[in-house]
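This report is for a reader who is new to the structure shown below. It takes up a helix pair and then the surroundings of some of the ligands.

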Amino acid sequence: MNEKKTSIMTKVKFTRLTFLLLFTLFAVNNPLFAQAPDGDAAAALPAGLSADPAVIAKGKEIFTGNCTSCHAVHEKVIGPALFGVWDRAPSREWIYNFVKNSTKVIKSGDPYAVKLYNEYKKTQMTSFQNYGPAEVDAVLSYINSVKPPEPPTTISTTDGGGTGTSTQADGGYTTAILTILIIVLVLILIVLGLMVNVLTKFLQDKEDLAEEDKEVVNQKSDLGKFFTSNGVIGIFIFIIVALSMKAGIDGLFTVGVQQNYQPRQPIAFSHEIHAGQYEIDCNYCHTGVRKAKSANIPSANICMNCHSAIKTESPEIAKIYKAIDFDPETGEYGENTKPIEWVRIHNLPDLAYFNHSQHVEVAKLECETCHGEIKEMEVVYQYAPLTMGWCINCHRETDVNTKGNGYYTKLVQLHKESKGGKTPMKVEDIGGLECSKCHY
Ligand code: HEC
Ligand code: HEC
Ligand code: HEC
Ligand code: HEC
Ligand code: HEC
Ligand code: HEC
């Protein structure tokens, strides 16, 4: 009878322990708990801004009516993302003046305004003569009330473009959280152990305990035993195994994966201007893309076809001149050349073989399928994961482009006979999943 009771009490203890552990896990992971500090931050309104719904509604009306053609709250559009402008602009007064007449502020030589103006390719912001401090504050209050979007899965060209980082930083973040979690769990276990010890001591000194309760109290539940008990060890092992499995799997899936990698380039070359606005063909610069394995990064000579005459006074173009030792004053070339050191973005490991002409010229795939909307990229980033799984998936799903390709006529015939002509021929069917096709 007593033995039974003891074992029940032990069970109760472990149930409580497990519950506590689960609760801690839940609390650490749960956005409800994590967001508590956020709420506090929202409570601390930047000076002069309001949380009054009426003011915010008025601000929203002005903002959507006048500003959204060029601005968004958390993203760069034609003008900067406006969230936090109250912290970065020189003063509130400055913002009032800039909205009223930005040209005047820039012409006055105000360094912040001039820098911003140059950064935004000398785009004129519309003047809003009839908006004073009240209207601008309403707009800012509205902007302050808009929550940032969920973390993006791809880096859009947000503020400042290339930040020289890749989202691999997220990996570090997760590791940090996991480490903290483990530390917290260990601490909780220690505290629980100590509490059990203290309580036991306290109860042991008590005289008026019932016989049954004494049994429970007197069972050897000291710290050492607590940590060596099967339950606790089991929980520990489970946690460690689960965590290391997660780390291992994450690691395997991200070996060499550089998706979204967007380094800062030595010259602020923009595909958005060249391939987008001026519609220069990709092929004009990436000369190898239709006929060779590699697409090629253009040499400075190709830039000079235009930039010997276009934007000659720009400091960015001056970097091209410096690289090829060109003197725009005299139009002469010197000896002291050194290539522009573009930072390579896409880079398969040496063990893999990828051929552009096969995909662009033979398969007639668009660049955008693998590189994203390059024509809209101010700064290029790696759009696709470039993993083996990614290549294989596409080879499984994509029909071979056999139109007007004599080479395939026979294969198509064979394929039709073997599959009864039902399914179109996929890359898979021409050997696109064979290891040796992609690996040397
Ligand atoms: C025609 C496009 C356009 C419109 C419309 C426009 N802006 Fe701008 N805005 C810009 C550009 C571009 C800049 C960057 C500076 C420059 O090039 O003059 C800018 C800069 C700003 C800045 C300074 C941002 C910073 O980072 O310091 C503020 C504040 C601002 N705009 C507020 C507004 C508000 C408020 C409205 C609507 C009432 C508005 N803008 C409408 C284009 C626009
Ligand atoms: C005027 C010349 C020019 C044109 C036109 C051009 N590019 Fe580029 N491209 C460059 C230069 C220079 C770089 C290297 C600097 C950079 O990454 O921005 C580059 C880089 C790239 C990269 C990244 C290369 C890497 O390092 O992995 C891709 C992908 C790319 N271009 C695709 C395209 C596509 C697609 C088009 C057509 C829609 C195009 N480019 C049109 C000049 C050009
Ligand atoms: C076919 C013509 C052409 C070629 C080739 C070309 N560009 Fe341009 N580039 C332009 C035009 C047009 C502009 C936009 C000028 C403007 O905004 O008024 C421009 C703008 C630029 C700018 C922005 C300058 C500024 O200060 O606003 C940079 C930087 C630039 N190009 C770099 C390059 C580089 C690097 C290459 C070679 C890889 C290159 N360009 C090749 C036509 C060309
Ligand atoms: C089927 C997917 C795919 C298509 C379509 C594609 N690319 Fe690529 N591109 C890649 C891969 C993968 C790499 C990395 C190659 C490497 O590291 O060996 C790459 C690399 C590049 C590079 C970096 C330099 C180099 O050759 O390694 C440039 C520039 C580029 N691509 C431009 C283009 C252009 C322009 C087009 C369209 C005409 C295009 N790509 C179409 C997958 C593709
Ligand atoms: C968007 C779809 C797509 C992606 C992504 C893609 N491929 Fe392909 N690939 C094709 C198509 C379509 C063909 C068939 C071309 C042809 O008709 O020869 C092909 C053909 C090939 C071939 C020749 C296969 C054969 O049997 O002749 C190789 C090798 C290859 N791809 C390698 C790669 C590698 C490596 C990657 C990843 C870095 C990759 N591909 C990513 C669509 C894709
Ligand atoms: C369509 C092209 C393609 C085919 C087919 C293919 N691979 Fe790969 N493989 C790749 C690419 C691309 C990478 C590099 C991926 C990366 O960097 O994450 C790779 C990477 C690998 C790696 C290294 C993994 C790592 O983490 O570094 C191994 C091992 C490998 N492949 C084995 C194979 C075997 C075995 C087969 C045949 C069953 C095969 N591959 C078929 C494209 C292919």
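Four residues of helix α16, namely Ala300, Cys303, Met304 and His307, meet Ile317, Ile320 and Tyr321 of helix α17. By class, the residues of this contact of α16 with α17 are six nonpolar, one polar and no charged. The model in which these contacts are found is a predicted one.

How are two packed helices described in general? The description uses the angle between their axes and the distance between the axes. Here α16 covers residues 300–307 and α17 covers residues 315–323, and their axes come within 10 Å and cross at roughly 130°. Because of that angle, α16 is oblique to α17. The crossing in which α16 passes α17 is left-handed.

The ligands come next, beginning with ligand 5. Around ligand 5 there are 22 residues, and the closest are His359, Cys391, Cys394, His395 and Tyr408. Of these, His359 also has a polar side-chain atom 2.8 Å from a nitrogen atom of ligand 5. Oxygen atoms of the ligand have polar partners too: the side chain of Gln358 places an N or O atom 2.8 Å from an oxygen atom of ligand 5, and Ile430 places a backbone N or O atom 2.8 Å from an oxygen atom of ligand 5. Three elements give two or more residues to the shell around ligand 5: α18 (356–362), α20 (388–397) and α22 (435–438). With four residues, α20 gives the most to this shell. Sorted by class, the shell around ligand 5 has 14 nonpolar, seven polar and one charged residues.

Ligand 2 also has 22 residues around it, and His271, Cys282, Cys285, His286 and His346 come nearest. Which side chain has an N or O atom 2.8 Å from a nitrogen atom of ligand 2? That side chain belongs to His286. Ile345 uses a polar backbone atom, which is 2.8 Å from an oxygen atom of ligand 2, while an N or O atom in the side chain of Gln265 is 3.2 Å from an oxygen atom of ligand 2. The elements with two or more residues in the shell around ligand 2 are α14 (271–277), α15 (282–285) and α19 (367–371). Of the elements, α14 gives the most to this shell, with three residues. The shell around ligand 2 divides into 13 nonpolar, six polar and three charged residues.

Around ligand 6 there are 17 residues, of which Pro349, Met388, Cys435, Cys438 and His439 come nearest. The side chain of His439 has an N or O atom 2.7 Å from a nitrogen atom of ligand 6. Two or more residues of the shell around ligand 6 come from each of α20 and α22. The largest share, four residues, comes from α20. By class, this shell has twelve nonpolar, four polar and one charged residues.

The table lists the contacts to nitrogen atoms of the ligands.

| Ligand atom | Residue and part | Distance |
|---|---|---|
| nitrogen of ligand 5 | His359, polar side-chain atom | 2.8 Å |
| nitrogen of ligand 2 | His286, side-chain N or O atom | 2.8 Å |
| nitrogen of ligand 6 | His439, side-chain N or O atom | 2.7 Å |

Definitions and conventions:
Residues are numbered from 1 along each chain as its sequence is written. Chains are lettered from A and ligands numbered from 1 in the order in which they are written. This is a predicted model: local features need pLDDT of at least 70, side-chain atom pairs count only at pLDDT 80 or more; totals for chains, interfaces and linings use all residues. Side-chain values use heavy atoms; hydrogens and water are left out. A residue is near a molecule or strand if one of its heavy atoms lies within 4 Å of it. A polar contact is a pair of N or O atoms within 3.5 Å; within protein, one must be able to donate a hydrogen and the other to accept it, and residues adjacent in sequence count only if both atoms are side-chain atoms. Ala, Val, Leu, Ile, Met, Phe, Trp, Tyr, Cys and Pro count as nonpolar, Asp, Glu, Lys and Arg as charged, and the others, Gly among them, as polar. Axes are lines fitted to C-alpha atoms, for helices over the stretch in contact, and angles run from 0 to 180 degrees between N-to-C directions. Angles under 35 degrees count as roughly parallel, over 145 as roughly antiparallel, 65 to 115 as roughly perpendicular and the rest as oblique. A crossing is left-handed if the near helix is turned anticlockwise from the far one by less than a right angle, and right-handed if clockwise. Contact means heavy atoms within 4.5 Å.
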